[in-house]
Amino acid sequence: MAFLKGLGVLLFGAFFVVALHNTVPKPLFLLLEVLVGGAPIYFPVIGLFLLMRTNSQIKQKISRTEKMLEKARRDYAESEAYLSQNAEVEIPPRFRSEQAIDYMIRGLKAREFISLDQALFRCEEAMARNEIPNRYLDF
């Protein structure tokens with residue numbers, strides 16, 4: 001596609017080269033000839049550059065997503081390990097919403113809560129202040 005655009009610019013530019021042959025100064029005419037003559041090369045090179053830049057952006061997005069996935073896997077493994085250590089603590093159904101679980105996990109990771117019992121207590125306080133919705137999931 002870029003080659004066809006370059007060819008179109010070449011034909012369009014060639015018309016101007018022929019039309020302006022004797023009307024513009026010689027240095028400007030030579031510059032116009034060089035620009036028009038190189039058009040079939042410029043456009044594919046520019047297209048290739050844009051393609052390479054797009055590919056690098058896609059690679060960066062994939063890399064960021066892989067890092068986020070790795071972090072999510074680590075967080076999940078930490079959560080599983082913590083829950084297995086505190087298996088005797090039963091989480092009531094009203095604390096099983098995504099927001100409530102996220103609130104408790106963030107507090108435990110930040111060491112704001114020392115135990116899961118304290119996290120449940122603080123989560124109940126946050127629900128009373130309507131910071132966390134009082135909806136829950138059945139699982």
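**Exercise 1. Which residues of α3 are buried?** Work with the predicted model shown above, and then find out how these residues are arranged around the helix axis.

Solution. Begin with the helix itself: α3 has twelve residues. From its first C-alpha to its last, α3 reaches 16 Å, close to the 16 Å expected at 1.5 Å a residue. Next, pick out the residues with under 20% relative accessible area. In α3 these buried residues are A100, Y103, M104, G107 and L108. Finally, look around the axis: they cover an arc of only 125°, which puts them on the same side of α3.

**Exercise 2. Find the salt bridge in the structure and place its partners.**

Solution. A search of the whole structure finds one salt bridge. The side chains that meet in it are those of D102 and R106, at 3.2 Å from N to O. Now check where the partners sit: D102 and R106 both belong to helix α3 and are four residues apart, about one turn of the helix. As for exposure, D102 has a relative accessible area of 39%, so this residue is partly exposed.

**Exercise 3. Describe the aromatic pair by its distance and angle, then say which parts of the chain it links.**

Solution. A handy reminder to start: a pair of aromatic rings is described by the distance of the centres and the angle of the planes. Searching the whole structure gives one aromatic pair. Its rings belong to Y103 and F113, with centres 5.9 Å apart and planes at 50°, so the pair is tilted. Then map the two residues onto the chain: Y103 lies in helix α3 (residues 98–109), while F113 is in the loop between α3 and α4 (116–128), so the pair ties together parts that are ten residues apart in sequence. To finish, look up the burial of the partners: both Y103 and F113 are buried.

**Exercise 4. Characterise the residue that follows α3 and the one that follows α4 by their phi angles.**

Solution. Keep a general expectation in mind: most residues other than glycine have a negative phi, and most peptide bonds are trans. After α3 comes R111, with a positive phi near 65°. R111 is not a glycine, and its place is in the loop between α3 and α4. Its relative accessibility of 72% means that R111 counts as exposed. Moving on to α4, the residue that follows is N130, whose phi is also positive, near 65°.

**Exercise 5. Work out the span of α4 and the arrangement of its buried residues.**

Solution. Count and span come together here: α4 has 13 residues and reaches 18 Å from first C-alpha to last, close to the 18 Å expected at 1.5 Å a residue. Now list its buried residues, which are L116, A119, L120, C123, A126 and M127. Seen down the axis of α4, these residues fall within an arc of 120°, so they line one face of the helix.

**Exercise 6. Locate the nonpolar surface patch and look at two residues of α2.**

Solution. The nonpolar patch on the surface is formed by L28, L31, V34, L35, I41, Y42, V45, I46, F49 and L50. Together they have about 960 Å² of accessible area. Take F49 as a case to inspect: F49 sits in helix α2 (residues 26–85). With a relative accessible area of 52%, F49 is exposed; the cut-off used here is over 50%. Now turn to L30, which is also in helix α2. L30 has a relative accessible area of 42% and is therefore partly exposed. One last distance check: L30 and V17 are 13 residues apart in sequence and 9.4 Å apart in space, C-alpha to C-alpha.

**Exercise 7. How many helices and strands are in the chain, and what share of its residues counts as buried?**

Solution. The chain has four helices and zero strands. Reading along the sequence gives the pattern α-α-α-α. For burial, 19% of the 139 residues of the chain count as buried.

Key:
Residues numbered from 1 in each chain as written. Predicted model: local features only at pLDDT ≥ 70, side-chain atom pairs only at ≥ 80, totals over all residues. Heavy atoms only, no water. Patch = residues over 30% accessible without salt bridge, like charges linked within 9 Å, V, L, I, M, F, W, Y side chains within 5 Å. Areas by Shrake-Rupley, 256 points an atom, 1.4 Å probe, with all protein chains shown as cover. Salt bridge = Lys/Arg side-chain N within 4 Å of Asp/Glu carboxyl O. Buried < 20%, exposed > 50% of the residue type's maximum accessible area, 1.4 Å probe, protein only. Phe/Tyr/Trp six-rings, centres within 6.5 Å; stacked < 30°, edge-to-face > 60°. Expected span 1.5 Å × (residues − 1). Arc of directions from axis to C-beta.
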